[in-house]
Structure formats: C-alpha cells, structure tokens
Amino acid sequence: MYIKHIDEITKDEITGEGIANVCRQVPVGPEQGWSENTLRVFTLKKDGHTPKHSHDWEHVNYVISGKGTLEIDRVKHDLVRGAFAYVPPNTEHQYSNPNNDDFIMICIVPNRGNY
C-alpha cells in the first residue's frame with residue numbers, strides 16, 4: 001500500500017527545447033509498485049507549454065485545476081477542470097497555458113514509454 005499527498009511529492013522543473021514554465025511530479029509509478037503505468041502531475045504556469053511532439057505510446061489526462069489547451073494534430077482543444085483527454089500513440093500534441101492561473105493535470109503513461 002502507498003498513500004501520499006501531492007504536497008509531499010517532489011516538484012521538478014522540466015527544461016528542454018520547446019518547453020517553458022512546466023513542472024512535473026511523479027506520485028505513482030514503478031517505485032510505488034505500479035509496474036505497468038506511471039501517473040504524473042504536470043503544472044503549467046502562465047505562458048507555460050510543452051513542446052510539440054509525438055511518441056509511440058498513448059496517454060490519458062485529467063485536468064485537476066485551471067484551464068489550458070491541448071493541440072492534437074494542429075487542432076486546439078480547450079481543457080478546463082474536470083476534463084479528460086486521450087492522446088493516441090504517434091499523434092502530434094502540445095499542452096499550453098495562456099492564462100494567469102496554473103493549469104494542473106494528471107497524465108498517465110505506460111511504462112514502455114520514455115516518461
């Protein structure tokens with residue numbers, strides 16, 4: 001059994017080409033006994049965004065708070081608290097936050113991917 005509060009999970013700033021104002025927390029994954037998947041929490045601050053990218057694994061998102069956008073195959077979709085999204089494998093996508101408040105979401109990926 002494993003129980004933690006999000007405030008107890010290390011928040012790492014993500015850097016790299018095409019990334020701005022993004023932090024990641026990893027509450028549950030292989031280290032906690034979930035061998036098939038990893039649950040990550042991303043916080044995109046004002047003007048934050050991930051790079052436009054694709055990969056050969058799927059992922060599932062759930063928006064915890066704030067609002068932002070998910071661009072999939074050049075179509076932008078607004079995401080708000082309570083929204084779910086499924087991103088299929090090999091699909092170009094990007095998350096962004098053009099708003100003042102933090103955009104916080106869960107992202108679950110299979111461990112076969114480079115999470």
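R112 is exposed, with a relative accessible area of 57%. In this predicted model, the side chain of R112 forms a salt bridge with E58, and the closest N and O atoms are 2.7 Å apart. E58 sits in the loop between β3 and β4, while R112 belongs to the segment after β9, so the contact ties together parts 54 residues apart in sequence. E58 has a relative accessible area of 22% and is partly exposed; the limit for buried is under 20%.

This pair is one of several: the structure holds four salt bridges. Side chains of opposite charge can pair when their charged atoms come close.

Another of these contacts joins K45 and D102, with an N to O distance of 3.3 Å. K45 is in strand β3 (residues 37-49) and D102 is in the loop between β8 (93-97) and β9 (103-110), so this salt bridge ties together parts of the chain that are 57 residues apart in sequence. K45 is partly exposed at 36% relative accessible area, and D102 is also partly exposed, at 27%.

The side chains of E71 and K52 meet in a salt bridge as well, at 3.3 Å from N to O. Here the linked parts are strand β5 (residues 67-72), which holds E71, and the loop between β3 and β4 (59-65), which holds K52; the two residues are 19 apart. On which side of the burial limit does E71 fall, buried or exposed? E71 is buried, because its relative accessible area is 10% and the limit is under 20%. Its partner K52 is partly exposed, with a relative accessible area of 46%.

Technical notes. Residues numbered from 1 in each chain as written. Predicted model: local features only at pLDDT ≥ 70, side-chain atom pairs only at ≥ 80, totals over all residues. Heavy atoms only, no water. Helix = DSSP H or I, 4+ residues; strand = E, 2+ residues; numbered from the N terminus. Buried < 20%, exposed > 50% of the residue type's maximum accessible area, 1.4 Å probe, protein only.
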